[in-house]
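Colleague: Hi! I have a new model open and would like to talk it through. Can you pick a place to start?

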Amino acid sequence: MTNQQFMSEMNRLENILFSFALRLTRNYEDAQDLMQETIFRAYKHRDKFAMGTNFKSWSSTIMRNTYINRYRKMKSRKHVNEPVESFLFAVENKSAIANGGEMNMRMEELEDKLRQISEIYSVPFLMFYRGYEYKEIASYLNIPIGTVKSRIFLARKKLKVLIGERPAAL
């Protein structure tokens, strides 16, 4: 399809396509944007149009697919209706004061649970928790890596059982 043929067909269908865009978007400005995007995509892919087929259906399909893709993209994005300046407090950390009380309580509870399981399991688990690699733990404790992995796994399993025994909250 030549440029001239494309433009004459598009001019002939412009009103029909615009009314279709209005029905899809229900907004005049969005319909104009959709119309412009459709013309751009149709022009870009005019060589894929098969002569003898229905140009109106082909361009309407392009418009519908463009609308659906735009809708999906907008649906997945989070929209904020306030200007960015309103959210500068989130970047500035002047008014926030760190409170480690809850973390300290959790750590005390975890240490209490670790004392309840055997030292054979708690030492490799704590070393792994503090960032040591399996090889380092194995060489420090002078045991094979497989044993280290097994003891860490069993320590986790035992801790899950102990943590699950919490008294019911009121």
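Modeller: Let's start with R26, which counts as exposed because its relative accessibility is 76%. Exposed here means over 50% relative accessible area, buried means under 20%, and partly exposed lies in between, using a 1.4 Å probe and protein chains only.

Colleague: What kind of model is this?

Modeller: This is a predicted model, in which local features need pLDDT of at least 70, side-chain atom pairs count only at pLDDT 80 or more, and totals for chains, interfaces and linings use all residues. Residues are numbered from 1 along each chain as its sequence is written, and side-chain values use heavy atoms, with hydrogens and water left out.

Colleague: Thanks! Back to R26: where is it found?

Modeller: R26 sits in the loop between α1 and α2. Those labels are for helices, which are DSSP runs (H or I, at least four residues) numbered from the N terminus, while strands are runs of E, at least two residues long. R26 also has a phi near 60°, a positive value in a residue other than glycine.

Colleague: What sign does phi usually have?

Modeller: Most residues other than glycine have a negative phi. In this chain, N142 is one more non-glycine residue with a positive phi, near 60°.

Colleague: Where is N142, and is it buried or exposed?

Modeller: N142 lies in the loop between α7 (134–141) and α8. Its relative accessibility is 69%, so N142 counts as exposed. P144 is found in that α7–α8 loop too, and P144 is exposed with a relative accessible area of 53%.

Colleague: Let's zoom out. How many helices and strands does the chain have?

Modeller: There are 8 helices and 0 strands, and the pattern along the sequence reads α-α-α-α-α-α-α-α. Of the 170 residues in the chain, 24% are buried.

Colleague: How do the two helices around R26 pack, at what angle?

Modeller: Helix α1 (residues 3–25) and helix α2 (residues 28–44) pack at about 145°, and their axes are 9 Å apart. The axes are lines fitted to C-alpha atoms, for helices over the stretch in contact, with angles from 0 to 180 degrees between N-to-C directions. The crossing is right-handed; that is the name when the near helix is turned clockwise from the far one by less than a right angle, and left-handed is the name when anticlockwise.

Colleague: Which residues in α1 and α2 meet?

Modeller: On the α1 side they include F6, M10 and L17, and on the α2 side Y28, L34 and I39 are among them. The contact residues of this pair divide into 14 nonpolar, 3 polar and 2 charged. Nonpolar covers Ala, Val, Leu, Ile, Met, Phe, Trp, Tyr, Cys and Pro; charged covers Asp, Glu, Lys and Arg; the others, Gly among them, are polar.

Colleague: Now α8. Which residues in it are buried?

Modeller: V148, R151, I152, A155, L159 and L162 are buried in α8. Down the axis of α8 these fall within an arc of 100°, so they line one face of the helix. The arc is taken over the directions from the helix axis to the C-beta atoms.

Colleague: Why can residues spread along a helix point the same way?

Modeller: An α-helix has 3.6 residues a turn, so residues three or four places apart point the same way. On the other side of α8, K160 and V161 are exposed.

Colleague: What covers the buried residues of α8?

Modeller: The cover includes α5, α6 and α7, judged by contact, meaning heavy atoms within 4.5 Å. In α6, the buried residues are Y121, S122, P124, F125, L126 and M127, and these pack against α5, α7 and α8.

Colleague: And α5, how far does it reach?

Modeller: Helix α5 (residues 101–116) has 16 residues and reaches 23 Å from first C-alpha to last, close to the 22 Å expected. The expected span is 1.5 Å times one less than the number of residues. L110, K113 and L114 are its buried residues. They fall within an arc of 100° down the axis of α5, so they line one face. M105, E108 and R115 are exposed on the face turned away from that buried side.
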